[in-house]
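Thanks, everyone. I'll put the model on screen and then walk through a few regions.

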Amino acid sequence: MLSATTLRASAPAILASKHLLFTPGTRVVCCGLLHGGQARKFTSSTNSFFLATTPKANQERPLKEFRERSFPHPVYTEAQMDEIKIAHRKAKTWGDWVALAAVRVMRKCFDLATGYRHDSEIASGKKTPYGTSAFHMTPEKWLARFIFLESIAGVPGMAAGMIRHLHSLRRLKRDNAWIETLLEEAYNERLHLLTFLHYRQPGLFMRTMILGAQGIFFNLFFLSYLVSPRTCHRFVGYIEEEAVITYTRAIADIENGRIPEWENLLAPDIAVRYFGLDPGANMLQLLRVIRADEAKHREVNHTLANLSQDEDPNPYALIYEGGKPHPTKGLDFMKPQGWEKGEVDGGAVEEYMKPGKEWKTGGKPVGGAPTATTGTTTTTAARVA
């Protein structure tokens, strides 16, 4: 019997043999040996709603090595993730009320489609007092909800980024760094989806639902963004508020022993590499990281909705000096309701974000917020495209 080390060393010669036959399962094992990947099992289901189509083997195919990702994910600390709370921004304008009403309608439809029941006790961040005998979401229902949610959540960032990209090309003007943040959000949501697909592969019915929902949602969001991008960002902010509630309840279910199947379920390799998790990270740790991502999207979109859509620079792309709280890509300074225009860099950016205003240096905005010093004013040299 060959050891794993010997087999890995002789794999090229073995694969070159014309007479060696491989079964599908053998291919997966050999692929894992060649790339040094760690096999992580899929959970099994007899539910036809989640009838697996690919991969056929009951293992995760090891990932090939790629260069560094274009959108690297920040590494969150446990303390930062503990600080994630359910929050809601009150509607103030007619656009806010339209966005909130649209989210509530979508939520009702989404709950019906995925068999979700809203528990106000758990949704408020409390652990369930009802015990394991009460109604609770099964692993299959949770994964149905996660997959459907993430397949839709990746649309707004891509649609908004595409519109702003074309807008910049058409008007021959800079975009003030909004595009990259929006595309990164879409990329992050897609990685969430790919992560959950390592646990369940949707069947024909689920795929049809996703196809129809994406087609309708993309076109509605596209047209709405052309009319009122501010309302669309507020809409996404409210959606992310609901996503935080959803993941908070899932985390509470695991912590209360309602989903024993997930207590020792490993996070897939794609999540370990992207999120920077420990190799032994489990489903609970994975959901905590994803909830933190959704909380960040909540903050970003509420912040973008507070700004002038045509003139203001993206505060998440600016370089700040000093230790004052400011928008960041990570969880260093979180504001669930979003940063108001005057709060960015202590209000220094407020004056210079106004349409038609020049920076104090006499030049056009270059992406850095002016930082006051003794007797002079300097500009952070961050180029924004």
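One term before we start: contact means heavy atoms within 4.5 Å. This is a predicted model, so read it with its cut-offs: local features need pLDDT of at least 70, side-chain atom pairs count only at pLDDT 80 or more, and totals for chains, interfaces and linings use all residues. Residues are numbered from 1 along each chain as its sequence is written, and side-chain values use heavy atoms, with hydrogens and water left out.

Start at Lys-173. Lys-173 touches Ser-168 and Glu-311, not counting residues up to four places away in sequence. Lys-173 sits in the loop between α6 and α7. Helices here are DSSP runs of H or I, at least four residues, numbered from the N terminus. Is Lys-173 buried or exposed? Neither: Lys-173 is partly exposed, at 36% relative accessible area. Buried means under 20%, exposed over 50%, and partly exposed in between, with a 1.4 Å probe and protein chains only.

Now helix α6. Leu-166 is found there. Its relative accessible area is 41%, so Leu-166 counts as partly exposed. Leu-166 joins Met-162 and Leu-169 in a nonpolar surface patch, with about 260 Å² of accessible area together. Those areas come from Shrake-Rupley with a 1.4 Å probe; for residues, only the protein chains shown count as cover. Patch members have over 30% relative accessible area and no salt bridge; nonpolar side chains (Val, Leu, Ile, Met, Phe, Trp, Tyr) are joined within 5 Å, like charges within 9 Å. A salt bridge is a Lys or Arg side-chain nitrogen within 4 Å of an Asp or Glu carboxyl oxygen.

Next, α8, residues 204–227. Its 24 residues reach 35 Å from first C-alpha to last, close to the 34 Å expected. Expected span is 1.5 Å times one less than the number of residues. Buried residues in α8 include Met-206, Phe-217 and Tyr-225. What do the buried residues of α8 pack against? The partners are α4, α6, α7 and α9.

On to α11, residues 283–305. The end C-alpha atoms are 33 Å apart, in agreement with the 33 Å expected for 23 residues. Of those 23, 21 are buried, so α11 is largely enclosed by the rest of the structure. Asn-282 caps the N-terminal end: a side-chain oxygen lies 3.2 Å from the backbone nitrogen of Leu-284.

Last stop, Thr-328, in the loop between α11 and α12. Thr-328 is buried, at 12% relative accessible area. Beyond four places in sequence, Thr-328 is in contact with Lys-296, Tyr-316 and Phe-333.

Terms used
Helix = DSSP H or I, 4+ residues; strand = E, 2+ residues; numbered from the N terminus. Polar contact = N/O pair within 3.5 Å; in protein donor to acceptor, adjacent residues only side chain to side chain.
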